[in-house]
Amino acid sequence: MKLIDNWKQAWKLKSVQVGAISAFFYALILFSEQFLGVWNVIPQELKNKIPENIAEWVGMFVGVAMVLARLKKQPELHDVNQFVTITAGHSNADPGAVNGKYKEADLVVNFRNAVTHYLREAGLQVKTDGTGTKNDPLSAAVKLIQGSSVAVEFHMNAATSRQANGVETIALPKDKVLAQKLSKAVADALGSRLRGDNGWIDQSQSARGKLGFINAGGLIVELGFISNEDELTRFNARYWLAAKAVAEVLIDYEKRN
């Protein structure tokens, strides 16, 4: 390959300058998430040692990377015309099971919101039975299932025995594998055990009998026993971790279906 005569001065050419800028931004788009991942693990005390004049440029670079990482298309998620339904058990008018100041409806609303956050961060379309502290009744939640690729509602169990514990997902046989994965994700994050068939409870074997949400095609995840003080404490301390694990299961499910 023979270079042009004035190749050492090529940087002055507009075509080269435009090409270099284009290549820079293309690389930034491709590796924006990796750059942010590295930047986030750098200790703050090291960041503070960056000279002020350089820090301004680094700050601008980080800002651009954040915007590009947020806007970068995820075709495996966005190119599908579907949505996920995520709902919380009971409602603002029905607290569900209660243990002291803790109400089942409030706890599962927090969990619903956390799962929804992670799913939307991944680019999935999500429908819920309310935002913030709002928790619509079952009749409204069931209506959201139609047209969704998967629908999951969260509850907490309660029992007379304070020792009763564990995580389970009630679902129809067709959703057995997904139910087991959801239960395991929660149990691993909260340090709980799996109930039923590795976390799956066939609706026909449930003490609750036939449930409207499941009959409509959804799954009900029992996140633990609100009546068990130890399990309740672990839930309150780690529910964000469990919510992230649940979201990862659903994201993987969406990619495979």
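Okay, let's start in the middle of the sheet: strand 1, residues 84–88, and strand 5, residues 150–157, run parallel and pair over 5 bridges. If you want one spot to find on screen, take Ala 88, whose bridge partner in strand 5 is Phe 154. Keep in mind that this is a predicted model.

Now, what packs on this sheet? Helix 9, residues 229–256, does, and it touches strand 1, strand 5 and strand 8. The direction of helix 9 makes about 165 degrees with that of strand 5.

Let's zoom out to the whole sheet. It's an open one with 6 strands, in the order 4-1-5-8-6-7, and the pairing is mixed. Strand 4 (126–128) and strand 7 (200–202) are the edges, so to speak, as each of them pairs on one side only. On average, neighbouring strands are turned by 25 degrees against each other, ignoring direction. Helix 7, residues 176–190, packs on the sheet as well, with contacts to strands 5, 6, 7 and 8. Its direction makes about 25 degrees with that of strand 8.

On to the aromatics: the count is 5 pairs. Why does Phe 235 with Tyr 239 count as stacked? The ring centres are 5.7 Å apart and the planes sit at 20 degrees, which is under the 30-degree cut-off, so the pair is stacked. Both residues lie in helix 9, 4 residues apart, so about one turn of the helix. Phe 235 is buried at 1% relative accessibility, and Tyr 239 is buried too, at 17%. Ring pairs join these two into a cluster with Phe 111, Tyr 118, Phe 154 and Trp 240. And yes, that's the Phe 154 that partners Ala 88.

How values were computed: Residues numbered from 1 in each chain as written. Predicted model: local features only at pLDDT ≥ 70, side-chain atom pairs only at ≥ 80, totals over all residues. Heavy atoms only, no water. Pairing = 2+ DSSP bridges. Helix = DSSP H or I, 4+ residues; strand = E, 2+ residues; numbered from the N terminus. Axes fitted to C-alpha atoms, helices over the stretch in contact; angles between N-to-C directions. Contact = heavy atoms within 4.5 Å. Phe/Tyr/Trp six-rings, centres within 6.5 Å; stacked < 30°, edge-to-face > 60°. Buried < 20%, exposed > 50% of the residue type's maximum accessible area, 1.4 Å probe, protein only.
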